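Trainee: I'm new to reading protein structures. Could we go through this one together, a piece at a time?

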Amino acid sequence: MDFLNGITLIANYIIIPGLTYGSQLALGALGITIIYTVLRFSNFAHGEFMSFGTMTSILLTWLFSNLGIKLGIFPTAILVLPIAILITIFYCLIIDKFVFKFYRQQKSKSVITLIVSIGVMFFSGGLIRFIIGPGDKNFFDGERFILKAKTFKALTGLNEGLAIKTTQGVTIILTILLVFLLFWFLNKTKTGKSMRAYSDNQELALLSGINPEKVVLITWIITGTLACVAGTLYGLDKSYKPFTYLHLVLPIFAAAIVGGVGNPVGAIIGGFVIAFSELFITFAYKKIFYYLLPYEIVPNGLLQILSTDYKIAVSFIILVLVLLIKPTGIYKGKVI
Amino acid sequence: MYLLSGENITCGYSSIDILSNCTIGVKRGQIASIVGPNGAGKSTAMKAIFGLLGIRKGKIFLDGEDITNLQPQERVLKGMGFVPQTNNIFPSLSVQENLEMGAFIQAKNCENMLNYIYELFPILRDKRYQQAGELSGGQRQQVAVGRALMTSPKVLMLDEPSAGVSPIVMEGIFKKIKEIANQGTAILMVEQNAKQALTISDLGFVLNQGKNLFTDTGKSLLDNKEVRQAFLGG
């Protein structure tokens, strides 16, 4: 019984949140990896694109709520997501047309475009705070839990409860759906294959008659979609604050690099590696030891390796280790 | 009458002329080779004819039509195929996807062409789901040629098809080139291995310092004492 209580505790505080946070990071890292392989630069503005997508979802949620349109037990944000995605794509395309396109035509080095993307990041961040303000916004509505801790306790008779939030369930299911769609698109459709071909060998792609402008367009459509969904899911789960997304870009980059930049499978794996490492290292294990060890020998401290304030540091330590030991990442990607 | 020809081409990079007043061409169903020492402008000539490099003077004709101002992609649609010397495959795509990309520009189904290429290069059928980047040099070259053949071009241009492969593989490649020509596709190629190339060529162009030095049938160039001494090692 104590053993089962321990397992439930881990599931509740590490596994479910880890899967959720990992999914959000994976979607973000996928966006970065795709921009990196096709357009050949590290897009630091991706966090702000996610923020922009979330902001759009929030504004639309407010609008829909005012009109009295709801989605039952699910958050209204899921209902407005398709419209928010379209607006985010539109924003990405405008930024591309007025900023990135110029540097692409100049055939600028990727480090120059990277710096440009930092400019875009600050511009977008400013624009977003100008529109929605810098404060905390909670836009979650609908039923809060799929599985309540109380219900779980009653069902199993355990001391520890296992709760699954609606946002967690929605995040994991939407991520699976989106990743499946993305891989189907890249591997099975003619357009998807032409995108991979373009990222492999641009000159030969040109000779084969692949239109680079179309590839760029589709790249932004995919990136905008991923950014908007990842951002909205993260915001739903943790509440939205523009500055959070400025920090979020760091674990996302760590995820992309740890997985192997340029490899979509790697981005997903990297997302989960980062998410679980953060949770495992910042979790207070005291309660688990109470269940697993005799009472007398459990130490008094919290048994936490690092305080949760150091969350970001964890992803950086992993990032540095990967760059030192295996710079190509888990799956062989391009070395930056 | 040439099927594809670059007539009196002058071109080069920045302000320097690499080719001056150079004429190169290939007739329907034949093989033509461009040979010459390093730096003679052989690869430059190929790029100019395919439109990868703008030309300053001269004209390029395909089947009697002036194509001097067309983009490379438009030339592919008109019936030209080009295999660059390096980076001529998509390494992370499978063999079959590489071939499909060759036919990307066409609306029609590529099933027949795929079968034709798998018959021409049986090894590619066995490895069709493998990543092209994992193949050996000779097999990569087959993928590259196969990719360019997917649009069933009237003329196929090969830039050093035997570069970086062993002599045995090279022999095989030359045999395949002959087979492709026999099927009716004209071939214009640049070759380092002048002797082997001229042996299978109907027409040979010897370039030196960007100018036509000799233009004759492959056989007579091989018999030409001057050519032999200067470029074929006696």
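Trainee: Let's start with the open sheet of four strands in chain B: what is the order of its strands?
Mentor: Keep in mind that this is a predicted model. The pairing in this sheet is antiparallel, and β2 (19-26) and β5 (65-66) of chain B are the edge strands, each pairing on one side only. Reading across, the order in chain B is β2-β1-β4-β5.

Trainee: How many bridges join strand β1 to strand β4 of chain B?
Mentor: Strand β1 covers residues 4-11 of chain B and strand β4 covers residues 57-62 of chain B, and the two run antiparallel. One pair to look for is Glu7(B), whose bridge partner in β4(B) is Lys59(B). The count of bridges joining these strands is five.

Trainee: Chain B also has an open sheet of six strands. Which are its edge strands?
Mentor: Follow the order β6-β7-β8-β3-β9-β10 in chain B, where the pairing is mixed. The twist averages 15 degrees from one strand to the next. An edge strand here pairs on one side only, and in chain B that picks out β6 (80-83) and β10 (211-216).

Trainee: In β10(B), which residue is the bridge partner of Val206(B)?
Mentor: Start with strand β9 of chain B, residues 203-208, which pairs with β10(B) in the antiparallel sense over five bridges. Now go to β10(B), where the partner of Val206(B) is Phe214(B).

Trainee: Helix α1 of chain B lies across strands. At about what angle does it run to β7(B)?
Mentor: Helix α1 takes up residues 42-50 of chain B and lies across β3 (31-35), β6, β7 (155-159), β8 (186-190) and β9 of chain B. Helix α7 (residues 167-182) of chain B packs on the sheet too, touching β3, β7 and β8 of chain B, and its direction makes about 150 degrees with that of β8(B). For α1 of chain B against β7(B), the angle is about 145 degrees.

Trainee: Which helix gives the largest share of the side of domain 1 of chain B that touches domain 2 of chain B?
Mentor: Chain B is divided into domain 1 (1-79 + 155-234) and domain 2 (86-152), with C-alpha centres 23 Å apart. Their contact takes 12 residues from domain 1 of chain B and eight residues from domain 2 of chain B. On the domain 1 side, α2 and α7 of chain B each supply at least two residues. The largest share, five residues, comes from α7(B).

Trainee: Now for the side of chain B that touches chain A: which element gives the most to it?
Mentor: This contact takes 16 residues from chain B and 13 residues from chain A. The chain B side divides into nine nonpolar, five polar and two charged residues. The elements giving two or more residues to that side are α2 (72-78) and α3 (95-102) of chain B. The one that gives the most, with four residues, is α3(B).

Trainee: Why is α9(A) described as largely enclosed by the rest of the structure?
Mentor: Helix α9, residues 212-238 of chain A, reaches 38 Å from its first C-alpha to its last, close to the 39 Å expected at 1.5 Å a residue. After α9(A) comes Ser239(A), with a positive phi near 75 degrees. As for being enclosed, that follows because the buried residues of α9(A) number 19 of the 27.

How values were computed: Residues are numbered from 1 along each chain as its sequence is written. Chains are lettered from A and ligands numbered from 1 in the order in which they are written. This is a predicted model: local features need pLDDT of at least 70, side-chain atom pairs count only at pLDDT 80 or more; totals for chains, interfaces and linings use all residues. Two strands pair if DSSP finds at least two bridges between them. Axes are lines fitted to C-alpha atoms, for helices over the stretch in contact, and angles run from 0 to 180 degrees between N-to-C directions. Two residues are in contact if their C-beta atoms, placed from the backbone, lie within 7 Å. Ala, Val, Leu, Ile, Met, Phe, Trp, Tyr, Cys and Pro count as nonpolar, Asp, Glu, Lys and Arg as charged, and the others, Gly among them, as polar. The expected span of a helix is 1.5 Å times one less than its number of residues. A residue is buried if 20 or more other C-beta atoms lie within 10 Å of its own, exposed if 12 or fewer, and partly exposed in between; C-beta atoms are placed from the backbone. Domain bounds come from an automatic or database domain assignment.
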